[in-house]
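Dear colleague,

I am passing this structure on to you, since you have not worked with it before. Please look at it first, and then read the notes that follow.

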Amino acid sequence: QGDLPAALTAYHEARAIREMLAARDRANTEWQQDLAVSHDRIGEVLVAQGDLPAALTAYHKALAIREMLAARDPDNAQWLTDVAVSCAKLSALRDDKSVTARQDYLVRGRDILLKLKSDGHLLQNEDLIGWFNEELAKLIQGRS
């Protein structure tokens with residue numbers, strides 16, 4: 001509806017509840033994933049508001065949770081795909097001063113998806129390999 005301050009307030013309230021639940025039961029992967037989603041939504045609103053440093057912080061928190069989930073279950077294609085999506089979000093927020101960090105996120109996300117695809121575990125609607133390759137190409141062209 002376009003009310004970014006209200007959305008941010010609601011997402012912060014949801015995150016607080018999810019943090020409490022996730023802390024109560026660290027083994028509950030659904031609650032952990034819900035918390036990562038809360039951080040993502042907060043990051044999306046912060047991007048829309050132009051607060052990129054705070055958005056990066058939110059996206060880093062989401063990535064940390066997703067990395068923990070993927071480390072717990074390294075064969076879980078959804079957790080790995082979620083890590084790749086977090087990498088995509090973080091790479092999109094990097095400016096020209098952090099070309100190396102942006103490239104690292106792009107390569108990491110693409111490599112995760114390539115491995116999933118080669119193992120036959122990447123769903124067609126989650127195949128962002130082309131996007132990662134395009135972004136890497138743009139980054140390389142920008143360096144020349």
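Which residues have the most contacts inside the largest nonpolar core? Please bear in mind throughout that this is a predicted model. The residues in question are Val-83, Leu-90, Ile-112, Leu-113 and Leu-116, and the core to which they belong has 36 residues. The elements that each give two or more residues to this core are helix H1 (4-24), H2, helix H3 (52-72), helix H4 (77-92), helix H5 (99-118) and helix H6 (129-143), and the largest share, nine residues, comes from H3.

Leu-113 can be followed a little further. When its neighbours within four places in sequence are left aside, Leu-113 is in contact with Thr-81, Ala-84, Leu-122, Glu-126, Leu-128, Ile-129 and Phe-132.

As to the overall fold, the protein chain has six helices and zero strands, so that reading along the sequence gives the pattern α-α-α-α-α-α. A compact globule of 144 residues would have a radius of gyration near 15 Å, and the 16 Å of the protein chain agrees with this. Taken along the principal axes, the box filled by the C-alpha atoms is roughly 45 × 35 × 25 Å. Among contacts with a separation of 6 or more, 57% are accounted for by residues that lie 24 or more positions apart.

Turning to the surface, 37% of the 144 residues count as buried, while the accessible surface of the protein chain comes to about 8,200 Å², with 53% of it belonging to carbon and sulfur atoms. The protein chain carries 18 positive and 22 negative charges, and the mean positions of these two groups are 3 Å apart.

Two residues may serve as a worked example. Ser-38 has its place in helix H2 (residues 29-49), and Ala-10 is found in helix H1; the two are 28 residues apart along the chain, and their C-alpha atoms are separated by 10.0 Å. Is each of them buried, partly exposed or exposed? Ser-38 has a relative accessible area of 2%, and therefore counts as buried, because the cut-off for that class is under 20%. Ala-10, by contrast, has a relative accessibility of 39% and so counts as partly exposed. Leaving aside its neighbours within four places in sequence, Ser-38 is in contact with Ala-14, Arg-15 and Arg-18.

With best wishes

Note on methods:
Residues are numbered from 1 along each chain as its sequence is written. This is a predicted model: local features need pLDDT of at least 70, side-chain atom pairs count only at pLDDT 80 or more; totals for chains, interfaces and linings use all residues. Side-chain values use heavy atoms; hydrogens and water are left out. Helices (H or I, at least four residues) and strands (E, at least two) are DSSP runs, numbered from the N terminus. The radius of gyration is taken over C-alpha atoms; the globule rule is 2.2 Å times the number of residues to the power 0.38. Buried means under 20% relative accessible area, exposed over 50%, partly exposed in between (1.4 Å probe, protein chains only). Contact means heavy atoms within 4.5 Å. Accessible areas come from the Shrake-Rupley method with a 1.4 Å probe; for residues, only the protein chains shown count as cover. Lys and Arg count as positive and Asp and Glu as negative; His and the chain ends are not counted. The place of a charge is taken as NZ of Lys, CZ of Arg, CG of Asp or CD of Glu. A nonpolar core is a set of buried Ala, Val, Leu, Ile, Met, Phe, Trp, Tyr and Cys residues joined through side-chain atoms within 4.5 Å.
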